[in-house]
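Trainee: I am new to this structure and would be grateful for a close look at a single part of it. Could you please take me through the ligand and its surroundings?

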Amino acid sequence: MKLKHLAIEISKLNGFNNPKIELEQYTTPGDLAARWILMTAQLGDLEQGSKVLDLGCGTGVLGLGALIFGASSATMVDVDIDAIDIMLENAKSLGLEEKVVPMCKKIRDVGNIDADLVLCNPPWGKQKQGADSNFIESIKSLCLPTYILHSSSAKHLEAEFLRSSWHVQKLLSSPFDLGAIYPHHKKRRMSTDATLWRLTPP
Ligand code: SAH
């Protein structure tokens, strides 16, 4: 699949209506999401028919992007029912709703899921320190190949997984537009750097 085609399809999806600051709701841009998904395929973790798990799915760009690529199912977890509703509308607009398993739950309540890989852009803990810790714990216990985007300034992610004997690879860094969606953003647009990591269980 062509990068440009996937990026265009993902970019057409609806974003958050009223993003919730306490949940750090930022949407991964279509071009970055598309690069991310094609990289998981190049590295052999995503194939036609794979089952993906999107932790903190928001409006669905990652899991739905994987379905556009050819995954057979996407379990989509988010604590916010409004995000899940938009994700389901997005799935319908693609004709992919039958491949989606929505789960409106806190990450810490997710338990074991039948999946081949995890895609995750969690809250980075910019609003509430440690907001990503339940995601990290969940990823460790799922023990699946995982692709996670995090603030480039975060140092704890790599350290945490290395300590647990995971293989950790930095795949790319990219400017990440935080938009001008929250009142505390005084500048019109806010951008930061994000790093995509591949985490492989021991
Ligand atoms: N994955 C999407 C959204 C990223 S924003 C994308 O890349 O575009 C982070 C998402 O995590 C938000 O949708 C937020 O509602 C969700 N979230 C935050 N804390 C959560 C928790 N404890 N359990 C489940 N979802 C959570």
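**The ligand and its surroundings**

Mentor: The ligand occupies the space that is the largest pocket. A pocket here is an open set of points, on a 1 Å grid over the protein atoms alone, with protein on both sides within 12 Å along at least five of seven lines; a molecule sits in it if more than half of its atoms lie within 2 Å of its grid points. This is a predicted model, in which local features need pLDDT of at least 70 and side-chain atom pairs count only at pLDDT 80 or more, while totals for chains, interfaces and linings use all residues. Residues are numbered from 1 along each chain as its sequence is written, and side-chain values use heavy atoms, with hydrogens and water left out.

There are 21 residues around the ligand, and Gln25, Thr28, Gly56, Asp78 and Ile107 come nearest; a residue is near if one of its heavy atoms lies within 4 Å of the molecule. By class, this shell has 10 nonpolar, six polar and five charged residues. Ala, Val, Leu, Ile, Met, Phe, Trp, Tyr, Cys and Pro count as nonpolar, Asp, Glu, Lys and Arg as charged, and the others, Gly among them, as polar.

Among the polar contacts (pairs of N or O atoms within 3.5 Å), the side chain of Thr28 has an N or O atom 2.5 Å from an oxygen atom of the ligand. For the side chain of Gln25, the distance from an N or O atom to a ligand oxygen is 3.0 Å. Val79 takes part through its backbone, where a polar atom is 3.2 Å from a nitrogen atom of the ligand. On its own the ligand has 570 Å² of accessible area, of which the protein covers 94%, by the Shrake-Rupley method with a 1.4 Å probe.

Key
A polar contact is a pair of N or O atoms within 3.5 Å; within protein, one must be able to donate a hydrogen and the other to accept it, and residues adjacent in sequence count only if both atoms are side-chain atoms. On a 1 Å grid over the protein atoms alone, a cavity is a set of points where a 1.4 Å probe fits but cannot get out, and a pocket is an open set with protein on both sides within 12 Å along at least five of seven lines; lining residues have an atom within 4 Å of a point.
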